[in-house]
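Subject: Handover of a structure, with notes

Dear colleague,

I am passing on to you the structure we spoke about, and below it you will find notes on what turned up when it was examined. Please read them with the structure open beside you.

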Amino acid sequence: MTQNSTKPVFLTILFVLLTTASNITYAQTKVGIRTRMNFSNVLMEDENGYKNSTKSIPGFQIGLTFDIPIFSDFYLQPAALYSNKGFKQTDSWFSGSGNDLKVTVSYIEVPLNFIYKSQLGSGKLLFGAGPYAGYGTCGKWKSETNVTIGDIVIDNYGDAIFKNDIVDGEFGNYLYGKPWDFGANFLVGYEFFDKLSVQLNAQLGINDLTPEVDGAKREGKLKNKGIGFSLGYKF
């Protein structure tokens with residue numbers, strides 16, 4: 001199954017699972033919408049343990065959330081989100097010395113946060129954490145000048161792709177890493193009148209996205225990370 005054919009199947013599964021969960025606890029579950037400004041980056045480490053210098057880039061996240069009461073002031077909050085990630089790097093192996101490279105990619109994410117709500121004034125203070133799973137769908141790369149690969153000069157922009165193995169890469173496209181991403185979310189925020197909420201979010205990738213080489217595991221490390229500020233509204 002190709003990456004393009006996997007995407008609609010994955011989205012269909014997400015929709016069915018979230019719809020089922022919502023129907024089971026329909027009477028108590030509150031559905032909401034959340035949007036977030038992201039500042040994403042990566043932890044990039046080569047085979048010798050050297051950490052490559054990268055910079056954060058801005059992006060956004062948007063999607064649906066489901067607040068399911070568990071007991072007392074504790075809630076389970078699954079969500080279905082579209083999220084931007086990526087990084088900026090100078091002296092990249094791809095773009096060459098002295099050239100800035102910016103890579104922006106998109107993920108479909110399913111976080112599952114456990115949230116504690118404590119009454120404070122007219123609203124509630126929020127603390128939360130939980131795992132997330134994401135699947136990379138597509139992306140773009142851009143450099144300051146044209147890129148030279150071997151003896152061939154290509155444009156200063158192109159597609160960023162996800163593959164499990166380097167041998168499946170495409171010439172002229174930037175191979176971001178493996179498509180599946182797993183990690184942890186952390187949040188703190190405030191909820192006004194059980195409707196509007198503001199949150200400070202942090203995300204730390206756990207899964208190593210470094211692609212294999214012809215089926216052999218590579219040394220090194222590549223993981224997503226980021227922080228963000230979000231606004232949510234529950235219907």
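Does Asp 214 count as buried or exposed? Before the reply, please bear in mind that this is a predicted model, and that the values below were computed from it. Asp 214 counts as exposed, because its relative accessibility is 63%, and its place is in the loop between S11 and strand S12, the latter made of residues 221-234. The backbone of Asp 214 also deserves a look, since phi is near 55° there, a positive value in a residue other than glycine. Most residues other than glycine have a negative phi.

Phe 193 can be read alongside it, as this residue has a positive phi of about 55° although it is not a glycine. Phe 193 is found in the loop between S10 and strand S11 (196-205), and it counts as exposed because its relative accessibility is 59%.

From these loops I turn to Asp 181, whose place is in strand S10, residues 180-192. With 0% relative accessibility, Asp 181 counts as buried, given that buried means under 20% relative accessible area. The side chain of Asp 181 is joined to that of Tyr 132 by a polar contact of 2.9 Å. Leaving aside neighbours within four places in sequence, Asp 181 is in contact with a set of residues that includes Lys 85, Tyr 107, Ala 133, Gly 205, Asn 207, Leu 209 and Asn 224.

Leu 209, one of those partners, is found in the loop between S11 and S12, and yet it is buried, with a relative accessible area of 0%. Not counting residues up to four places away in sequence, Leu 209 touches Tyr 107, Tyr 176, Gly 177, Lys 178, Trp 180, Asp 181, Leu 222 and Asn 224. Leu 209 and Tyr 176 are 33 residues apart in sequence, while their C-alpha atoms are 8.1 Å apart in space. Tyr 176 in turn touches, among others beyond four places in sequence, Val 42, Phe 87, Val 103, Val 105, Ile 161 and Phe 162.

Tyr 176 also leads to the largest nonpolar core, which has 17 residues, and those with the most contacts inside it are Phe 87, Val 103, Val 105, Trp 141, Tyr 174 and Tyr 176. Two or more residues of this core are given by each of S1, S4, strand S8 (157-162) and strand S9 (174-177), and the largest share, four residues, comes from S4. In soluble globular proteins, nonpolar side chains tend to be buried together.

A second pairing across the sequence involves Phe 127, which lies in strand S5, residues 123-143. Phe 127 counts as partly exposed, because its relative accessibility is 39%. The C-alpha atoms of Phe 127 and Leu 187 are separated by 5.9 Å, although the two residues are 60 apart along the chain. Apart from residues up to four places away in sequence, Phe 127 touches Phe 114, Ile 115, Tyr 116, Leu 187 and Val 188.

The spaces in the model come next, beginning with the enclosed ones. How many cavities of 30 Å³ or more are there? The count comes to three, and the largest cavity has a volume of about 160 Å³. Of the 18 residues that line the largest cavity, Arg 36, Leu 81, Pro 111, Asn 113 and Asn 201 are the closest to its centre. Strands S1 (30-45), S2 (57-71), S3 (74-90) and S4 (100-120), together with S10 and S11, are the elements that give two or more residues to this lining. By class, the lining of the largest cavity has seven nonpolar, eight polar and three charged residues.

The largest pocket, finally, holds about 660 Å³ of space. It is lined by 26 residues, of which Trp 93, Ile 166, Tyr 174, Leu 175 and Arg 218 are the closest to its centre. S1, S9 and S12 are the elements that give two or more residues to the lining of the largest pocket, and the largest share, three residues, comes from S9. By class, this lining has 11 nonpolar, seven polar and eight charged residues. Tyr 174 thus appears in two of these lists, being named for the pocket as well as for the nonpolar core.

With kind regards

Methods. Residues numbered from 1 in each chain as written. Predicted model: local features only at pLDDT ≥ 70, side-chain atom pairs only at ≥ 80, totals over all residues. Heavy atoms only, no water. Buried < 20%, exposed > 50% of the residue type's maximum accessible area, 1.4 Å probe, protein only. Polar contact = N/O pair within 3.5 Å; in protein donor to acceptor, adjacent residues only side chain to side chain. Contact = heavy atoms within 4.5 Å. 1 Å grid on protein atoms, 1.4 Å probe; cavity = no way out; pocket = protein on both sides within 12 Å on 5 of 7 lines; lining within 4 Å. Points joined across faces, edges and corners; volume = space filled by probe spheres on them. Nonpolar A, V, L, I, M, F, W, Y, C, P; charged D, E, K, R; others polar. Core = buried A, V, L, I, M, F, W, Y, C linked by side-chain atoms within 4.5 Å.
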